[in-house]
Amino acid sequence: MSATLTYAPRLETERLILRGPQREDLAPFTDFLTASPRMKAQGEQASASEAWYAFLTGVGHWQWHGFGFFTLTLKKNAATAVGRAGLLKHAQWPQEELAWHLFDGFEGKGYATEAAEAVRLWAHDSLGLKQLVSYIHRDNRKSQRVAERLGATTDGTPPPHEPDAETWLHLAPASA
């Protein structure tokens, strides 16, 4: 296993390890962006070069903001990346986004909710962020259900940068 490309902390949940991105994470991430039926259905399929750029943008988030995407692995098989969860804040965005995606074959097991909750707690406790948003495509019912399980709500307002999405509001964790 190679060294992490960032200063991301290591977080653990009951079933998951959340760690900083490593070089070998590029391959499953590229497969997800270029070949996943879910990405194609949402009109978000990318080329291999776009996946490379997106991966490096994620690494850059850690350097610029002190946060970014964690790579998710299972505690029982830490060599296999199952998805990503973390925080984003692009230049035009009004605030930090809590985001997640699972690679094909790992959805429907509660991993996204488990990882997103760990990121939300870390964002509050370590970064002092009291409020996060998630920009979720209006047709992405699975991610909307994750947001609901996390206690997020939406009024259906689209973010200016993504007219086909809705802004979901996450307040500080109740346990904080």
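## Strand pairing around β8

Start with T153: its bridge partner in β8 is L169. That contact belongs to strand β7, a short run covering residues 153-154, and β7 and β8 run antiparallel with 2 bridges joining them. Keep in mind that everything here comes from a predicted model.

β8 itself spans residues 165-171 and also pairs with β6, again in the antiparallel sense, this time over 7 bridges. If you want a spot to click on, try L132, whose bridge partner in β8 is H170.

## The largest pocket

How big is the largest pocket? Its volume comes to about 1,400 Å³. There are 48 residues lining the largest pocket, and M39, Q42, E44, W100 and H101 are the ones closest to its centre.

Plenty of elements chip in. Those giving two or more residues to the lining include the helices α1 (26-35), α2 (37-41), α3, α4 (111-127) and α5 (141-149). On the strand side you'll find β4 (77-88), β5 (97-102) and β6 (131-137). As for chemistry, the lining of this pocket is a mix: 20 nonpolar residues, 15 polar and 13 charged.

## The cavity

Now for enclosed space. The structure holds 1 cavity of 30 Å³ or more, and the largest cavity has about 30 Å³ of space in it.

Which residues line the largest cavity? They are D25, F29, F55, T71, A81, R84 and F103. Sorted by type, that lining gives 4 nonpolar residues, 1 polar and 2 charged.

## A nonpolar patch on the surface

Over on the surface, W52, Y53 and L56 form a nonpolar patch. Together these side chains' residues offer about 370 Å² of accessible area. To find the patch, look along helix α3, residues 48-65, which is where W52 sits. Helix α3 is also one of the elements that give two or more residues to the lining of the largest pocket.

## Salt bridges

How many salt bridges does a search of the whole structure find? The count is 9. One to look at is the pair R120 and E117, whose closest N and O atoms are 2.7 Å apart.

Where do these two sit relative to each other? Both are in helix α4, 3 residues apart, so about one helical turn separates R120 from E117. Helix α4 (111-127) turns up in the pocket story too, as an element giving two or more residues to the lining of the largest pocket.

How values were computed
Residues numbered from 1 in each chain as written. Predicted model: local features only at pLDDT ≥ 70, side-chain atom pairs only at ≥ 80, totals over all residues. Heavy atoms only, no water. Patch = residues over 30% accessible without salt bridge, like charges linked within 9 Å, V, L, I, M, F, W, Y side chains within 5 Å. Areas by Shrake-Rupley, 256 points an atom, 1.4 Å probe, with all protein chains shown as cover. Salt bridge = Lys/Arg side-chain N within 4 Å of Asp/Glu carboxyl O. Helix = DSSP H or I, 4+ residues; strand = E, 2+ residues; numbered from the N terminus. 1 Å grid on protein atoms, 1.4 Å probe; cavity = no way out; pocket = protein on both sides within 12 Å on 5 of 7 lines; lining within 4 Å. Points joined across faces, edges and corners; volume = space filled by probe spheres on them. Nonpolar A, V, L, I, M, F, W, Y, C, P; charged D, E, K, R; others polar. Pairing = 2+ DSSP bridges.
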